[in-house]
Amino acid sequence: MNNQDKIFQISTDEAFEHLALEIFRDQARRTPPYRQYISELGIDPMQVGTLREIPFMPISLFKTHEVYCGDEAPEAVFTSSATTGMTSSRHPMRSLALYERAFTEAFRAFYGDPGKLSLYALLPNYLRRKGSSLVYMADRLIRACGSGGFYLDDHERLLKDMAADPKPKILLGVSYALWDLAEEYAPKLKNTIVMETGGMKGYREEISKEAFHKILCDAFGVEEIHSEYGMAELTSQAYSHGRNRFYCPRWMQVVTRDINDPFALLDKEERGGLNIIDLANRWSCAFIQTEDAGIVHRDGSFEIEGRIAHSDIRGCNLLVQ
């Protein structure tokens with residue numbers, strides 16, 4: 001069984017930890033910026049024997065270094081959105097097949113067979129630039145659904161097409177675009193899940209997630225707003241079915257760290273910075289110290305409570321509260 005198959009066949013915490021340690025030792029040797037980071041910490045990878053001992057690499061290194069350990073040239077390079085003057089992160093993707101398997105299996109786990117749904121994507125700022133992993137994912141999921149599509153600013157056509165579609169639907173949108181649609185039309189959507197990906201990007205004022213979701217619920221006539229948590233530096237996504245409570249696929253875990261001491265991990269139900277283990281980041285770094293703050297619950301789900309001070313604004317991240 002190859003590592004890719006192992007990633008998606010994890011079924012226990014023990015299997016997760018075993019594979020995480022295997023991937024860690026390989027990336028500690030073969031991913032240059034991670035190897036250098038570990039060396040500067042004075043850590044011997046061969047002495048790391050538990051999941052909690054694995055060091056997490058600061059996500060900012062994706063902006064300044066080539067975080068990659070593939071034997072061959074990457075099949076794609078995904079980049080983060082950035083405002084003027086900011087540096088984008090770059091995530092070389094060794095295998096698009098691995099990426100597609102990760103987002104397809106996660107989507108199926110949380111929403112079922114894509115063929116039974118339609119996916120409508122309202123992602124104008126992502127469509128207008130190159131290198132968006134979110135656009136790549138949405139495009140492949142739309143194909144798997146067999147219905148839906150991308151819409152820039154043509155809200156009337158979007159609503160007309162959705163109204164004529166008898167299938168259950170997902171409306172996936174960047175936050176400011178969903179707010180624009182809600183404010184302009186306030187359409188009462190039938191048989192539709194509304195899913196936001198975060199990101200006001202300066203187009204709208206920053207308000208609390210709770211207040212924003214209430215605006216959308218009232219306008220669209222839905223009880224909850226779903227959310228997708230992903231970023232260019234990750235291969236996997238977590239999903240929320242409402243109330244800002246995210247769940248990971250079985251090959252992804254989130255832990256919290258002390259904001260004032262990034263090497264001190266916290267227990268469940270303690271607020272801190274979020275560290276992500278994404279084992280599908282097989283050819284870059286699977287152990288990421290993000291710039292998001294939140295809390296991890298006892299069942300492994302997590303909440304986002306904003307950005308850590310002095311972090312760059314990221315297009316795919318949730319609102320600062």
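A charge is said to sit over a ring if NZ of Lys or CZ of Arg is within 6 Å of the ring centre and within 35 degrees of the ring normal. With that in mind, we can begin at one such place in this predicted model, where the charged end of R204 sits over the ring of W179, 4.6 Å from its centre.

W179 belongs to helix α9, which spans residues 175–185, and W179 is buried there together with S175, Y176, A177, L178, L181 and A182. The cover over these buried residues of α9 is provided by several elements, including the strands β4 (118–122), β6 (169–173) and β7 (192–196) as well as the helices α6 (124–127), α8 (155–164) and α10 (209–220). Just after the end of α9, the residue A186 takes a positive phi of about 45 degrees.

One of the covering elements, α8, can be followed in more detail. The axes of α8 and α9 are 11 Å apart, and the two helices pack at an angle of about 85 degrees, which makes α8 roughly perpendicular to α9. On the side of α8 the contact is made by H155, E156, L158 and L159, and these meet A177, D180, L181, E184 and Y185 of α9. When the residues of this contact are sorted by class, five are nonpolar, one is polar and three are charged.

A second pair of helices lies earlier in the chain. Helix α2 (residues 13–30) and helix α3 (residues 32–40) have axes that come within 6 Å and cross at roughly 95 degrees, so α2 is roughly perpendicular to α3. From α2 the residues F24, Q27, A28, R29 and R30 take part in the contact, while α3 contributes P32, Y34, R35 and I38. By class, this contact of α2 with α3 has five nonpolar residues, one polar residue and three charged residues. Two of the residues named here, F24 and Y34, also appear in a cluster linked by ring pairs, in which they are joined by F56 and F287. Helix α2 also holds E22, which is partly exposed because its relative accessible area is 28%, a value between the limits of 20% for buried and 50% for exposed.

Rings call for a closer look, and a search of the whole structure finds 17 aromatic pairs. A pair of aromatic rings is described by the distance of the centres and the angle of the planes. For Y99 and Y136 the ring centres are 5.9 Å apart and the planes stand at 40 degrees, so this pair is tilted. The pair joins distant parts of the chain, since Y99 is in helix α5 (residues 96–111) and Y136 is in helix α7 (residues 133–145), 37 residues apart. Both Y99 and Y136 are buried. Y136 has a charged neighbour as well, for R140 lies over the face of its ring, at 3.9 Å from the ring centre.

The walk ends in strand β14 (residues 287–296), where A293 is found. A293 has a relative accessible area of 13%, and because buried means under 20%, A293 counts as buried. Leaving aside residues up to four places away in sequence, A293 touches G272, G273 and L274, and also E303, I304, E305, G306 and I308. By contrast, the C-alpha atoms of A293 and L41 are separated by 23 Å, and these two residues are 252 residues apart along the chain.

Key: Residues are numbered from 1 along each chain as its sequence is written. This is a predicted model: local features need pLDDT of at least 70, side-chain atom pairs count only at pLDDT 80 or more; totals for chains, interfaces and linings use all residues. Side-chain values use heavy atoms; hydrogens and water are left out. Axes are lines fitted to C-alpha atoms, for helices over the stretch in contact, and angles run from 0 to 180 degrees between N-to-C directions. Helices (H or I, at least four residues) and strands (E, at least two) are DSSP runs, numbered from the N terminus. Angles under 35 degrees count as roughly parallel, over 145 as roughly antiparallel, 65 to 115 as roughly perpendicular and the rest as oblique. Contact means heavy atoms within 4.5 Å. Ala, Val, Leu, Ile, Met, Phe, Trp, Tyr, Cys and Pro count as nonpolar, Asp, Glu, Lys and Arg as charged, and the others, Gly among them, as polar. Rings of Phe, Tyr and Trp (its six-membered ring) pair if their centres lie within 6.5 Å; planes under 30 degrees apart count as stacked, over 60 as edge-to-face and the rest as tilted. Buried means under 20% relative accessible area, exposed over 50%, partly exposed in between (1.4 Å probe, protein chains only).
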